[in-house]
Amino acid sequence: MSKPYTLPLTRKDLFKNAYRMDLFTLLKISMLIAMFFIPLFVFFTANGYLESGVITKIDTTVANPDYRPLLEFRIYMDLFYIPCFMIASLGLSGAFSFFKKYTFNEGALIKRDFFGGIKENLKNSLLVSFFYSAVFYLLRFAVNYLSILDFTYFLVLSIFCWIFIFVLMIQVIFAFAQMPIYTNGFWTIIKTSFFCSCNQIFKGLLTVLCSFFPLILIPYFGIQILTYITMLLYIFLGFSNGVFLSLLYAEDSFDVLVNKKQFPSIYRKGLFQAPSSYLKDDDFLKDLDYE
């Protein structure tokens, strides 16, 4: 990633250049991130088998099946998402730090920037991931608990839940993207992420769809083979692709919302910037010396 190259004009060009330069580096980063997602993968697999066992015991031949055992099972099992997401966040923290160095043209090194990023942002990564994981759990808890009271609302509640999860994932992207760039505390990170996600909501939704949402959505289909294929794709390239794409989106938003006025020194950093002023032909001729 640290090879010299011509500065790109846009972050889209930067994304293309990365794949032309060093696909093997992206592969290594993706596999490093995957190491921190192992607990989440294990939980997905175990939870899928256990949930299937609960579903088989539900009598679906009656007019109004009793889904209470399944919903109660999910209320308790969803708690395991919190520690799994917290562990996974460490890998994301290292990857965001690595790609920040790359996108800012500061020379990215895996050993120094990936593992150094984890160490440097350890506290904020754990706090931020705990906060968003807890919100995620509360959203799921609300759906399951209210559905126990009246299952007719399950579909509507699930739709609203996924909408909120979408928005939550945009905030997570901004939270982890700003850690290696700015020196913000926990609450400042949360507030800034909320502000940025509200201002860049549509681009954020598209970014989430193309980055990490498939990894969260696919396991809920209950098709084990599809889940395994998705996991393999993310292990070998999906994680690095998702982090890189997310960071570029976040950096572009930071330039528009924050950097241009407050931090001009890092505005469009890593991208080619045309001189703000240039000499016209007439001015150039005036400076010439004639014999």
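Modeller: Let's start with a word we'll need often: a residue is buried with under 20% relative accessible area, exposed with over 50%, and partly exposed in between (1.4 Å probe, protein chains only). The model you see is predicted, and local features need pLDDT of at least 70, side-chain atom pairs count only at pLDDT 80 or more, while totals for chains, interfaces and linings use all residues. Residues are numbered from 1 along each chain as its sequence is written, and side-chain values use heavy atoms, with hydrogens and water left out.

Colleague: Thanks! How many helices and strands are there in the chain?

Modeller: Helices (H or I, at least four residues) and strands (E, at least two) are DSSP runs, numbered from the N terminus. Reading along the sequence gives the pattern α-α-α-α-α-α-α-α-α-α-α-α-α. The count for the chain is 13 helices and zero strands.

Colleague: What percentage of the 291 residues in the chain is buried?

Modeller: Let's look at the outside first, using accessible areas from the Shrake-Rupley method with a 1.4 Å probe, where for residues only the protein chains shown count as cover. The chain exposes about 16,100 Å², and carbon and sulfur atoms supply 68% of that area. Turning inward, the buried part of the 291 residues comes to 45%.

Colleague: Of the contacts with a separation of 6 or more, what percentage joins residues 24 or more positions apart?

Modeller: A contact means heavy atoms within 4.5 Å. Among contacts in the chain with a separation of 6 or more, the share from residues 24 or more positions apart is 77%.

Colleague: Which residues are among the five of the core that lies apart?

Modeller: A nonpolar core is a set of buried Ala, Val, Leu, Ile, Met, Phe, Trp, Tyr and Cys residues joined through side-chain atoms within 4.5 Å. The largest one has 72 residues, of which I33, F37, V128 and F239 touch the most other members. Setting aside neighbours within four places in sequence, F37 contacts A88, L92, L215 and F239. Apart from this core lies another of five residues, including L71, I75, I82 and Y137.

Colleague: What kind of aromatic pair do Y137 and F141 form?

Modeller: Rings of Phe, Tyr and Trp (its six-membered ring) pair if their centres lie within 6.5 Å; planes under 30 degrees apart are stacked, over 60 edge-to-face, and the rest tilted. The whole structure has 28 aromatic pairs. For Y137 and F141, the centres are 6.1 Å apart and the planes are at 35°, which makes the pair tilted.

Colleague: And is Y137 buried or exposed?

Modeller: Y137 and F141 are four residues apart in helix α7 (residues 122-149), so about one helical turn separates them. F141 has 31% relative accessible area and is partly exposed. Y137 has 11%, so Y137 counts as buried.

Colleague: Why does the closest cysteine sulfur form no bond with C198?

Modeller: A disulfide is a pair of cysteine sulfur atoms within 2.5 Å, and by this rule the count is zero. C198 itself is partly exposed, at 45% relative accessibility. The closest cysteine sulfur, in C196, is too far for a bond because its distance from the sulfur of C198 is 9.4 Å.

Colleague: Which helices do the buried residues of α6 pack against?

Modeller: In helix α6 (residues 110-120), D113, F114, G117 and I118 are buried. Seen down the axis, they fall within an arc of 125° (taken from the directions from the helix axis to the C-beta atoms), so they line one face. The face turned away from that side carries the exposed residues K111, K119 and E120. The partners of the buried residues are α2 (23-36), α5 (81-103) and α7.

Colleague: Which residues does G117 touch, not counting those up to four places away in sequence?

Modeller: G117 is buried, at 3% relative accessibility. The C-alpha atoms of G117 and S97 are 5.1 Å apart, although the two residues are 20 positions apart along the chain. The residues that G117 touches are S93, G94, S97 and R112.

Colleague: One last one: how far apart are the C-alpha atoms of I173 and L92?

Modeller: I173 sits in helix α8 (residues 154-178) and is buried, with a relative accessible area of 6%. Beyond neighbours within four places in sequence, the contacts of I173 are F96, T207, V208, S211, S246, Y249 and A250. I173 and L92 are 81 residues apart along the chain, and their C-alpha atoms are separated by 9.7 Å.
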